[in-house]
Amino acid sequence: MQDIEKIYQEYASAVYKYIFCLTKNEDLSEEITQETFVRAVKEIKKFKGECKISVWLCQIAKHIYFKTLKEKKKYQEVQIQEYSDLLFENDTIEDLYCKNEEKLEIFRKIQRLDEKTKNVMYLKIAGDLTFKEIGEIMNQSENWARVTFYRGKQKIKEEKQ
């Protein structure tokens with residue numbers, strides 16, 4: 001039981017931050033974080049040590065999140081900070097529609113990236129986390145997070161051309 005408490009103390013914050021980036025909802029993030037550790041306690045025998053425990057916990061949290069979305073059939077719109085500056089009060093309906101279509105296209109392109117790059121992109125864009133925080137969540141270095149984000153941006157730009 002001591003080990004479970006230690007794992008919770010060490011990784012609860014990282015799991016919460018990861019889920020908050022996906023949900024943008026404090027209450028739901030807290031609920032999913034708690035459910036993650038409940039499920040981890042039940043499934044600890046299945047953990048084979050093939051990956052870091054934080055990655056395993058984040059995967060459990062992600063599955064709970066998607067299950068929650070499926071059950072509620074409620075998807076939250078993710079906002080890109082870069083585009084919020086583009087929305088001016090004098091924009092016409094046509095301008096807003098075009099900007100929304102461009103935003104949707106960027107998210108479609110992000111979805112086609114590999115899993116790690118996709119997660120880094122979402123954590124940075126939607127979660128507004130620092131590269132250091134992203135590195136901690138993904139159990140990588142700050143520099144790895146920065147390079148992965150940059151390469152993801154490059155792949156999206158290449159697709160645009």
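**Salt bridges, a covered helix and two unusual loop residues**

Lys62, Glu115 and Lys118 are joined to one another in a network of salt bridges. This network is a handy place to begin a tour of the structure, which is a predicted model. Within the network, the side chains of Glu115 and Lys62 come together at 2.8 Å, N to O. Their salt bridge ties distant parts of the chain to each other, since Glu115 belongs to helix α6 and Lys62 to helix α3, with their positions 53 residues apart in the count. The two partners are covered to differing degrees: Lys62 is buried because its relative accessibility is 9%, under the 20% limit, whereas Glu115 is partly exposed, with a relative accessible area of 38%.

Helix α6 itself deserves a closer look. This helix spans residues 115-125 and is mostly covered, as 8 of its 11 residues are buried. The buried residues include Lys118, a member of the network described above. Among the others are Thr117, Asn119, Val120, Met121, Tyr122, Leu123 and Ile125.

Helix α3, the home of Lys62, covers residues 53-72 and also contains Thr68. With a relative accessibility of 14%, Thr68 is another buried residue. A polar atom of the Thr68 side chain lies 2.8 Å from the backbone oxygen of Ile64.

In total, the structure holds 6 salt bridges. One of them pairs the side chains of Asp114 and Lys155, at 3.8 Å from N to O. Here too the pair connects distant parts of the chain: Asp114 sits in the loop between α5 (93-111) and α6, and Lys155 in helix α8, 41 residues apart. Asp114 is partly exposed, with a relative accessible area of 38%, and Lys155 is likewise partly exposed at 38%.

Another salt bridge stays inside a single helix. The side chains of Arg39 and Glu35 meet at 3.5 Å, N to O. Both residues belong to helix α2 and are 4 residues apart, about one turn of the helix. An α-helix has 3.6 residues a turn, so residues three or four places apart point the same way. Arg39 is partly exposed at 25% relative accessibility, and Glu35 is partly exposed at 31%.

Charge also shows up on the surface in another form. Glu26, Asp27, Glu30 and Glu31 gather there in a patch of negative charge. Of these residues, Glu26 can be placed in helix α2. Glu26 counts as exposed because its relative accessibility is 56%, over the 50% limit.

Two loop residues stand out by their backbone angles. Most residues other than glycine have a negative phi. Lys24, however, has a phi near 60°, a positive value in a residue other than glycine. Lys24 is located in the loop between α1 (2-23) and α2 (26-43), and with a relative accessible area of 40% it is partly exposed. The second case is Asn139, where phi is near 55° and so again positive in a residue other than glycine. Asn139 is found in the loop between α7 (131-137) and α8 (142-160).

Methods
Residues numbered from 1 in each chain as written. Predicted model: local features only at pLDDT ≥ 70, side-chain atom pairs only at ≥ 80, totals over all residues. Heavy atoms only, no water. Helix = DSSP H or I, 4+ residues; strand = E, 2+ residues; numbered from the N terminus. Buried < 20%, exposed > 50% of the residue type's maximum accessible area, 1.4 Å probe, protein only. Patch = residues over 30% accessible without salt bridge, like charges linked within 9 Å, V, L, I, M, F, W, Y side chains within 5 Å. Areas by Shrake-Rupley, 256 points an atom, 1.4 Å probe, with all protein chains shown as cover. Salt bridge = Lys/Arg side-chain N within 4 Å of Asp/Glu carboxyl O. Lys, Arg positive; Asp, Glu negative; His and termini not counted. Charge placed at Lys NZ, Arg CZ, Asp CG, Glu CD. Polar contact = N/O pair within 3.5 Å; in protein donor to acceptor, adjacent residues only side chain to side chain.
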